[in-house]
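Reader: Could you take me through the reasoning behind the labels you use for this model? I would like to see how each term is earned.

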2 protein chains.
Amino acid sequence: MRCEVIAVGTELLLGQIVDTNSAFIGEQLSMVGIDSFFQSKVGDNRLRIAQAIQIALGRSDAVIVCGGLGPTQDDITRDAIADVMGVPLVRDPLIEDRIRAMFMSRGRQMPSNNLRQAEVPAGASVLPVQPGTAPGIRATVAAGGQDKVIYALPGVPWEMQEMLVGAVLPDLSERAGLASVIGSRVIRTWGHSESALAERLAPYHDELDQSGRATLAFLASGIEGLKVRLTTRADSHREVQRTLGREVDRVASLLGDAVFSTDDESMEEVVLALCESQGLTLGTAESVTGGLIASRLTEVAGSSRVFRGAVVSYASEVKFDLLGVRPGPVICDEAAGEMALGACRVLGCDVSVAVTGVAGPDPQEGHGPGTVFCATCVDGEVRPKMLRLPGDRRRVRQFACISVLDLLRMRLSKRV
Amino acid sequence: MRCEVIAVGTELLLGQIVDTNSAFIGEQLSMVGIDSFFQSKVGDNRLRIAQAIQIALGRSDAVIVCGGLGPTQDDITRDAIADVMGVPLVRDPLIEDRIRAMFMSRGRQMPSNNLRQAEVPAGASVLPVQPGTAPGIRATVAAGGQDKVIYALPGVPWEMQEMLVGAVLPDLSERAGLASVIGSRVIRTWGHSESALAERLAPYHDELDQSGRATLAFLASGIEGLKVRLTTRADSHREVQRTLGREVDRVASLLGDAVFSTDDESMEEVVLALCESQGLTLGTAESVTGGLIASRLTEVAGSSRVFRGAVVSYASEVKFDLLGVRPGPVICDEAAGEMALGACRVLGCDVSVAVTGVAGPDPQEGHGPGTVFCATCVDGEVRPKMLRLPGDRRRVRQFACISVLDLLRMRLSKRV
């Protein structure tokens, strides 16, 4: 069973709104095991909406059209579907009564425009779930010698979501005769490039492809790490989880140290959990990252059980006066180490990370952008490390953040 | 001139990533006056990518394909374009050298996979703007008796954006022989709701609509403020700028104090510029924002001329011991004021902002999530203010950040 998604709205094409509805629908379809190979956006134009529906019907079994069901002159999804079906629009007296009643109950006069929403293509039916004023529509059409189905849903996200989950997915699953369940798990890694991971997993990837027991995808996600996603399908939720568990273990053992989470946790969550389980408090001393590490750590709810605070020592004097860095060069191993020690002392924490370096655009102390010295302090022992990071100012800061937390993670996970 | 956008990636269809690239490209196309009537998403499948390109070429003059140019086996946009053109892929020695040099400069071994990125369809050319390892491609094909053009851009947003603006838009505009120039300016505001701004601008908005000399749009942008965008079109760049200048002045005078920038600057940039022009250094003391304010300030290149540092006093003891807050409740006016004074003393800066409060999900000291006490310190004089902020943990932190910087902005702009 193949189902396409068409999002309707000129504002989507102009980038005034990002189309998140299609992503939601695509995710829901994949969860119930329905393929969605194409998704498109089209403006508020009757001819072009009809064209898009026709193309979709030509290569798929079902189409979900999202948006253009409101009461204004711009809302012409109903008309376009009627054109595709070759039928006129007819007013549905039940919808008309319902819309009138909704306005009455709110003590408001119904603008006559709203009666447009009571019109449906002749022969189409109204979806049984109706959370708002815009009624969802279901129509069957013959195409390519087959009966295919068009669903029209409103573009307002919560209305669309209720109708999709409550009416469209059950109907589609029934049409498809689907028994199978789909599921996926995300493994997060750091420290290797996408192509290096791909190379290390190549034989396993081939084996997976041949057996068909799961699929594998890579996803570079900046400060969130490089993700490896495993997806599989089976008859029951339980079987899906069992297969995923086995394959996740395989990938984790092939990638070793590079894996920081097999459950899609962020690096911050992993480091906070490691500290908490070992009864350690954490602090940061930040120059080039300027508070980014602290900000990311404190975005995690409950971080206050572990995180004590940070000293952002952007000016050199703050490094010298507050953190006790010895006057001299501040972009070097020694300064990073002294910052990490200073953080533990000043903030009263057990472990710390520290970062100093050059984010750019200008060089500093003879170092080009991307040169970063970081340090971790565990049990009073400091370990510095130099990094060469790619990208612009923003990326250098983000990569510095995840890189130094990863160093702390590796030290803590070997500590017990 | 019609240009379609095709976003490539199975993860887009599955809703694992929301496709924001198409929205960006659509906006940029509309800004230079190029129509984009259809946009689509397709998975990492060679045949279907080629199909999508063919459909697009059948109804438009140009296609921008975004994504699928990486080094892995999944990245097959190059192959699909070659299929559409009916040519093989050939290795470009210049790109090969460039990729090798990039890995060398980072001191890393190049995985052999990366050489895939040096392959281009025979007859296609490489875009002159190459910010990352993935080279952008430009190919012309005959379709429907016309020469049409395909651009392939990487899916990584910053790389795509640099190539689009630097290479694709100029090329498309030249092909379209576009005479009329479109331009826009963004006014940023803080402290009023969208509906309050709309109400204040209503008569002016009506006047604009009737005259047709510019269009007005609102855009709520979280920590970036609430944006008001003016767009106009004329025969020359100079005339566009003149009209926009006049209208921006009108809007700014109607909105008064709420406007923090008439040139799309962030609140951080505005505050840093105010400090610099008055010869003041700046620091922050942060609890609920956990370093977010410092992190935002230091994201601005050149912030080191003004910003000295931050104390993130997440644990109460850090507030007491390091910042000199008197022991007692820490979510109140007094604590915020003492934090601001402490920041100036400890960091040796002239002015400061401080924030303490509850981001949630749990209440603290009897205050619910969204209760925030902040303070500014200018010329040694502290001014506290209580805020009630809406939203979840993330939004409370973001709104606290822009709100306290806005208080400092207003104090500094009245200081001279």
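Author: Happily; what follows takes the sheet, its helices and the chain contact in turn, and the model is a predicted one.

Reader: How do you know that strand 15 and strand 16 of chain A pair?

Author: Pairing asks for at least two bridges. Strand 15 (residues 351-357) and strand 16 (residues 371-378) of chain A are joined by 6 bridges and run antiparallel, so they pair by that rule. Within strand 16 of chain A, Ala375(A) is the bridge partner of Ala354(A).

Reader: What makes strand 17 of chain A and strand 17 of chain B edge strands?

Author: The sheet is open, with 10 strands in the order 17(A)-16(A)-15(A)-13(A)-14(A)-14(B)-13(B)-15(B)-16(B)-17(B), and its pairing is mixed. Strand 17 (381-388) of each chain has a single partner strand, so one side of each lacks a neighbour in the sheet.

Reader: What makes you say that helix 10 of chain A packs on the sheet?

Author: A contact needs C-beta atoms within 7 Å. Helix 10 (residues 292-299) of chain A touches strand 13, strand 14 and strand 15 of chain A, together with strand 14 of chain B. Its direction makes about 150° with that of strand 13 of chain A.

Reader: How do you know that strand 2 of chain A and strand 2 of chain B pair?

Author: Here 5 bridges join the two antiparallel strands, residues 38-42 in each chain. At least two are required, so these strands pair as well. Ser40(A) has Ser40(B) as its bridge partner.

Reader: How many residues does each chain bring to the contact?

Author: Chain A and chain B bring 60 residues each. On the side of chain B, strand 14 gives the most, with 7 residues.

Methods
Residues numbered from 1 in each chain as written. Chains lettered and ligands numbered in written order. Predicted model: local features only at pLDDT ≥ 70, side-chain atom pairs only at ≥ 80, totals over all residues. Helix = DSSP H or I, 4+ residues; strand = E, 2+ residues; numbered from the N terminus. Contact = placed C-beta atoms within 7 Å. Axes fitted to C-alpha atoms, helices over the stretch in contact; angles between N-to-C directions.
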